[in-house]
Amino acid sequence: QWEAVFRSGALSGDIIVRSGVALDSAEVAMLSFGDVVEGRGGNKAHSVSGGVQRLKILVPPSARPARHCKDPAGAVMPVSGWVTLDASAVGGPVFFKKRDAFDKFTSATAASAAAAA
C-alpha cells in the first residue's frame with residue numbers, strides 16, 4: 001500500500017490519476033492527501049522522463065472525478081490508473097510513501113479510538 005503525502009492546495013484534489021504511464025496521458029481521477037492506494041502489477045514502479053517514478057494503482061473509492069469532468073455526479077471511476085510516486089529526480093515533489101505494517105497498525109488503532117469516542 002502507498003499513502004498520498006502531497007498537498008497541492010487545489011479544491012479538485014491533490015494528485016492526478018492518469019490513464020497510462022505517460023505523464024501526458026488522459027486524466028481519469030483525482031486523489032487527495034491521505035488517500036491509500038494499492039499497486040497493481042507487483043507494486044513495481046516505472047521510471048519515466050528523467051527519473052520520475054510512476055506506479056499503476058487500483059483507484060480507491062475515495063477518488064474524485066478528473067478535473068475536466070463535465071458531470072462529476074455521474075462520473076464512473078476507472079478501476080485502475082497511473083500516479084507519480086516520486087518526481088524528486090527532476091526537482092518535483094514526493095507524492096506517495098510506502099506504508100509499512102506499523103503505519104497500517106497505527107492507522108487502524110487511531111480509527112478504532114475515534115469510533116469509540
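Here is a walk through this predicted model, from its overall make-up to a few side chains.

Some housekeeping comes before the tour. Residues are numbered from 1 along each chain as its sequence is written, and side-chain values use heavy atoms, with hydrogens and water left out. Since we're dealing with a prediction, local features need pLDDT of at least 70 and side-chain atom pairs count only at pLDDT 80 or more, while totals for chains, interfaces and linings use all residues.

Let's start with the whole chain. The protein chain has 1 helix and 9 strands, where helices (H or I, at least four residues) and strands (E, at least two) are DSSP runs numbered from the N terminus. Read from the N terminus, the order is β-β-β-β-β-β-β-β-β-α. Of the 117 residues, 31% are buried, that is, under 20% relative accessible area with a 1.4 Å probe and protein chains only (exposed is over 50%, partly exposed in between).

Now follow strand β6, residues 52-58. Strands pair here if DSSP finds at least two bridges between them. β6 pairs with strand β8 (residues 80-86) in the antiparallel sense over 6 bridges. With strand β5 (residues 46-48), β6 shares 3 bridges, again antiparallel. Strand β4 (residues 36-39) also runs antiparallel to β6, over 2 bridges.

Individual residues help you find your place. Gln53 faces Ser47 on the β5 side, and has Asp86 as its bridge partner in β8. Further along, Ile57 in β6 stands opposite Gly39. The hairpin of β5 and β6 has 3 residues between the strands, and in it Ser49 takes a positive phi near 40°.

Stay in β6 for Arg54. What does a buried arginine have around it when it has no salt bridge? The nearest side chain of opposite charge is Asp24, 8.2 Å away from Arg54. For the charge count, Lys and Arg are positive and Asp and Glu negative, with His and the chain ends not counted; a salt bridge needs a side-chain nitrogen of Lys or Arg within 4 Å of a carboxyl oxygen of Asp or Glu. Instead, look at backbone oxygens: that of Val21 lies 3.0 Å from a polar atom of the Arg54 side chain, and that of Gly20 lies 3.2 Å from one.

Finally, visit another arginine. The charged end of Arg7 sits over the ring of Phe33, 3.6 Å from its centre; the test is NZ of Lys or CZ of Arg within 6 Å of the ring centre and within 35 degrees of the ring normal.

Key:
A polar contact is a pair of N or O atoms within 3.5 Å; within protein, one must be able to donate a hydrogen and the other to accept it, and residues adjacent in sequence count only if both atoms are side-chain atoms.
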